[in-house]
Amino acid sequence: MSGIGGMSGMSGDGSDRTAEWGWFLAWLLVGACGGIGLAAILTVGAAFVVLAVVAAVLLLRKGPRRAVVGAVSGLALPLFYLAYLNRGGPGEVCHAVTGGQSCTEEYTPVPFLVAGALLLAVGLVLHATTGRHGRTDPVPRR
């Protein structure tokens with residue numbers, strides 16, 4: 001196959017980039033698991049933290065270390081979920097239920113959304129820039 005858009009036709013180029021993003025996504029899940037674990041530490045959080053630590057140890061042994069920045073982006077996922085849960089806020093939000101109403105106090109979702117977007121962007125930018133530096137660095141000669 002020929003390269004697309006002037007890229008080299010080497011067979012490893014596309015699969016290497018795909019693998020790099022695969023490692024990034026694996027770390028993203030570790031970060032999300034750790035973030036959920038810390039947010040829910042008083043209930044089921046300990047199990048999520050243990051799962052995140054075990055997965056991190058396995059990924060550190062097998063994958064490239066620069067993909068660890070995916071964990072930063074992973075911390076955004078619990079924040080996005082909190083923003084979603086508080087989408088009706090701020091203030092008291094009532095919903096009709098069988099036999100009446102159910103009301104809950106909700107926070108404003110904007111801080112959760114902004115923090116999540118920042119973490120996601122920082123992780124993506126760091127991964128893209130470290131990946132680019134890793135590909136352009138010359139191979140050391142012996």
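**Entry 1: fold**

I began with the secondary structure of this predicted model, and I counted five helices and two strands in the protein chain. Reading from the N terminus, I noted the order of these elements as α-α-α-α-β-β-α.

I then looked up how the chain is covered and how its contacts are spread. Of the 142 residues in the protein chain, 26% are buried. The chain exposes about 9800 Å², and carbon and sulfur atoms supply 69% of that area. Among contacts with a separation of 6 or more, 63% join residues that are 24 or more positions apart.

**Entry 2: cysteines**

How many disulfides does a search of the whole structure find? The search returned one disulfide, and I traced it to Cys94 and Cys103, whose sulfur atoms are 2.0 Å apart. I wrote down the handedness as well: the torsion about the S-S bond of Cys94 and Cys103 is about 105°, so this disulfide is right-handed.

Next I checked the accessibility of the cysteines one by one. Cys94 has 36% relative accessibility and is therefore partly exposed, and Cys103, at 37%, is partly exposed too. For Cys33 I found a relative accessible area of 12%, which puts this residue in the buried class because the limit for that class is under 20%.

**Entry 3: the aromatic pair in helix 1**

I searched for aromatic pairs and the count came to one. The pair is Trp21 with Phe24: their ring centres are 5.2 Å apart and their planes stand at 75°, so I recorded the pair as edge-to-face. The angle settles the type, because planes over 60 degrees apart count as edge-to-face.

I also looked up where the two residues sit along the chain. Trp21 and Phe24 are three residues apart in helix 1 (residues 11-39), and so they are separated by about one helical turn.

Is each partner buried or exposed? Trp21 is partly exposed, with a relative accessible area of 36%, whereas Phe24 is buried, with a relative accessible area of 1%.

**Entry 4: what surrounds Phe24 and His127**

I stayed with Phe24 of helix 1 and listed its contacts, leaving out residues up to four places away in sequence. On that basis Phe24 touches Ala67, Val69, Gly70, Ser73, Gly123, Leu124 and His127. I also took one C-alpha distance from this residue: Phe24 and Val68, which are 44 residues apart along the chain, have C-alpha atoms separated by 7.0 Å.

From that contact list I followed His127, which has its place in helix 5 (residues 110-136). His127 has a relative accessible area of 3% and is therefore buried. Again not counting residues up to four places away in sequence, His127 touches Glu20, Trp21, Phe24, Arg66, Ala67 and Val69. I noted that both members of the aromatic pair, Trp21 and Phe24, are in contact with His127, and that Ala67 and Val69 appear in the contact list of Phe24 and in that of His127.

**Entry 5: Lys62**

I looked up Lys62, which is in helix 2 (residues 45-62). With 67% relative accessibility, Lys62 counts as exposed. The C-alpha atoms of Lys62 and Trp23 are separated by 9.6 Å, although the two residues are 39 residues apart along the chain.

**Entry 6: Tyr107**

Where is Tyr107 placed? I found it in the loop between strand 2 (100-106) and helix 5. Its relative accessibility is 60%, so I entered Tyr107 as exposed.

For the surroundings of Tyr107 I left aside neighbours within four places in sequence, and the contacts that remained were Asn86, Gly89, Pro90 and Phe112. Gly88 is 19 residues from Tyr107 in sequence, and the C-alpha to C-alpha distance between these two is 8.4 Å.

**Entry 7: a nonpolar patch**

I closed with the surface and asked which residues make the nonpolar patch of about 400 Å². The patch is made by Tyr81, Leu82, Tyr84 and Leu85. I looked further into one of these, Leu85, which is found in helix 4 (residues 76-85). Leu85 has a relative accessible area of 38%, so I recorded this residue as partly exposed.

Notes: Residues numbered from 1 in each chain as written. Predicted model: local features only at pLDDT ≥ 70, side-chain atom pairs only at ≥ 80, totals over all residues. Heavy atoms only, no water. Disulfide = S-S within 2.5 Å. Buried < 20%, exposed > 50% of the residue type's maximum accessible area, 1.4 Å probe, protein only. Patch = residues over 30% accessible without salt bridge, like charges linked within 9 Å, V, L, I, M, F, W, Y side chains within 5 Å. Areas by Shrake-Rupley, 256 points an atom, 1.4 Å probe, with all protein chains shown as cover. Salt bridge = Lys/Arg side-chain N within 4 Å of Asp/Glu carboxyl O. Contact = heavy atoms within 4.5 Å. Phe/Tyr/Trp six-rings, centres within 6.5 Å; stacked < 30°, edge-to-face > 60°.
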